[in-house]
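Biologist: Got a minute to go through this one with me? I'd like the reasoning behind the labels, please.

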Amino acid sequence: MTVVDTTPAAALREATIPPDGMYEGARVLRRLPEEWEERPYERFEVAPLGRVIGAEIRGLDLSRPLEPALREELNRALLEWKVIFFRGQHLTPEQQRGFARHWGELETNPLLAAGSSEDVVRFDKGSGATPTFENIWHTDVTFRARPALGAVLQLREVPPVGGDTMWADMAAAYDNLPAEVKERIDGATAVHDFIPGFARFYERERLAPFQEVFPPVEHPVVRTHPETGRRMLFVNTSFTTRITGMEREESDRLLSFLCRQAHVPEYQVRFHWQPGDIAFWDNRATQHYAVNDYAPYPRVAERVAIEGDRPF
């Protein structure tokens, strides 16, 4: 029989875990900004898919024009859930572009394959396809001075198994940082560059001409959402290269810790696609991860992105 000494005098051996680890325990899971008035939705049904992020919008046909009041209510759903999903829409590229334009001008990306027009990105994945931005957490185009506000993605062809996409709420990630880490990054900026992300699958000769088009830019490590006022982590593995003013070793260690926050399941939602489904996400507030577990089956998607503003 084993006897456990629980008296106060019992000595506890010294044990440490590596610094900057991810620790167990309760997390703050706050979906809405403080003092945000939560109101019912009147023009559609909202079915939550996650605690802090992700909801399915039911009862809408996105091929029809959006009245201003409906657009405003959808925008509120986007702000409150960060990514919203619409099943079985089967929009044409022009209809998809028209829906996205309700939120602003569309962005082009010369580094990615175009679909029917230059502002439609086509991801045609199958055996041997270039694995662009799959299997990594990232925020789109943070190497731009004005990263995208959001993106509207539609799956044209879905594999019989696999091919899900995940999103993470970076406001929840910020909320749960240790106080000492928040102090270190308050007011800090970081450098973002397109080269590290694209160099993993493009030749140098293809990237070199774009160096002047997309010079390195600096963004705040903690971004303030321009519509909700929430503070959010705004660094990612694909494009953030260093924190300004820090020695390389210190910067690398801190960036590694900050980027790992997207990996926490409590901050995530995972979506299983069906043909014609649409995801519309707030690129300012989230990171996403396309799961590449579907080979050798094809997976075809088209995305339009909406021009954003300068982070502050």
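Modeller: Sure, and keep in mind that the model is predicted. Let's start with α1, which has 14 residues and reaches 20 Å from its first C-alpha to its last.

Biologist: What makes that a fit to the span expected for α1?

Modeller: The rule is 1.5 Å times one less than the number of residues. For the 14 residues of α1 the expected value is 20 Å, and the reach is close to that.

Biologist: Why is α1 called mostly covered?

Modeller: Buried means under 20% relative accessible area, and 11 of the 14 residues of α1 are buried. Among them are L70, L74, L78 and W81, but also R71, E73 and E80.

Biologist: What covers the buried residues of α1?

Modeller: The cover includes β1, β2 (55-58), β3, α2 (93-100) and β14 (278-282).

Biologist: And what comes just after α1?

Modeller: K82, with a positive phi of about 70°. K82 sits in the loop between α1 (68-81) and β3 (83-86).

Biologist: What makes the phi of K82 worth a remark?

Modeller: The phi is positive in a residue other than glycine.

Biologist: How do you know whether K82 is buried or exposed?

Modeller: Set its 3% relative accessibility against the 20% cut-off, and K82 therefore counts as buried.

Biologist: Which phi does N135 have?

Modeller: About 60°, so to speak another positive value in a residue that is not a glycine. N135 belongs to the loop between β5 (121-125) and β6 (150-157).

Biologist: Why is N135 called partly exposed?

Modeller: Because its relative accessible area is 41%, which falls between the 20% and 50% limits.

Biologist: And T16, why is that one called exposed?

Modeller: Exposed means over 50%, and T16 has 68% relative accessibility, so the label follows. T16 lies in the segment before β1 (45-48). From T16 to A168 is 29 Å, C-alpha to C-alpha, with their positions 152 residues apart in sequence.

Biologist: What about the peptide bond between A295 and P296?

Modeller: That one is cis, with omega at about 5°. P296 is in the loop between β15 (286-290) and β16 (299-306).

Biologist: Back to helices. How do you know that the length of α7 agrees with the rule?

Modeller: Helix α7 (residues 248-259) has 12 residues, so at 1.5 Å a residue the span should be 16 Å; the end C-alpha atoms are 16 Å apart, which agrees.

Biologist: Which residues of α7 are buried, and what do they pack against?

Modeller: The buried ones are S251, L254, L255, F257, L258 and C259. They pack against α4 (179-185), β11 (231-233) and β12 (240-243).

Biologist: Now the whole chain. How do you know that its radius of gyration agrees with a compact globule?

Modeller: For 312 residues the globule rule gives a value near 20 Å, and the chain has 21 Å, so the two agree. The C-alpha atoms fill a box of roughly 75 × 50 × 40 Å along the principal axes. The chain holds seven helices and 16 strands, and buried residues make up 52% of the 312.

Biologist: How many of the contacts join residues at least 24 apart?

Modeller: 83% of those between residues at least 6 apart in sequence.

Biologist: And where do the charges sit on average?

Modeller: The mean positions of the 37 positive and 48 negative charges are 1 Å apart.

How values were computed. Residues are numbered from 1 along each chain as its sequence is written. This is a predicted model: local features need pLDDT of at least 70, side-chain atom pairs count only at pLDDT 80 or more; totals for chains, interfaces and linings use all residues. Side-chain values use heavy atoms; hydrogens and water are left out. Helices (H or I, at least four residues) and strands (E, at least two) are DSSP runs, numbered from the N terminus. The radius of gyration is taken over C-alpha atoms; the globule rule is 2.2 Å times the number of residues to the power 0.38. Buried means under 20% relative accessible area, exposed over 50%, partly exposed in between (1.4 Å probe, protein chains only). Contact means heavy atoms within 4.5 Å. Lys and Arg count as positive and Asp and Glu as negative; His and the chain ends are not counted. The place of a charge is taken as NZ of Lys, CZ of Arg, CG of Asp or CD of Glu.
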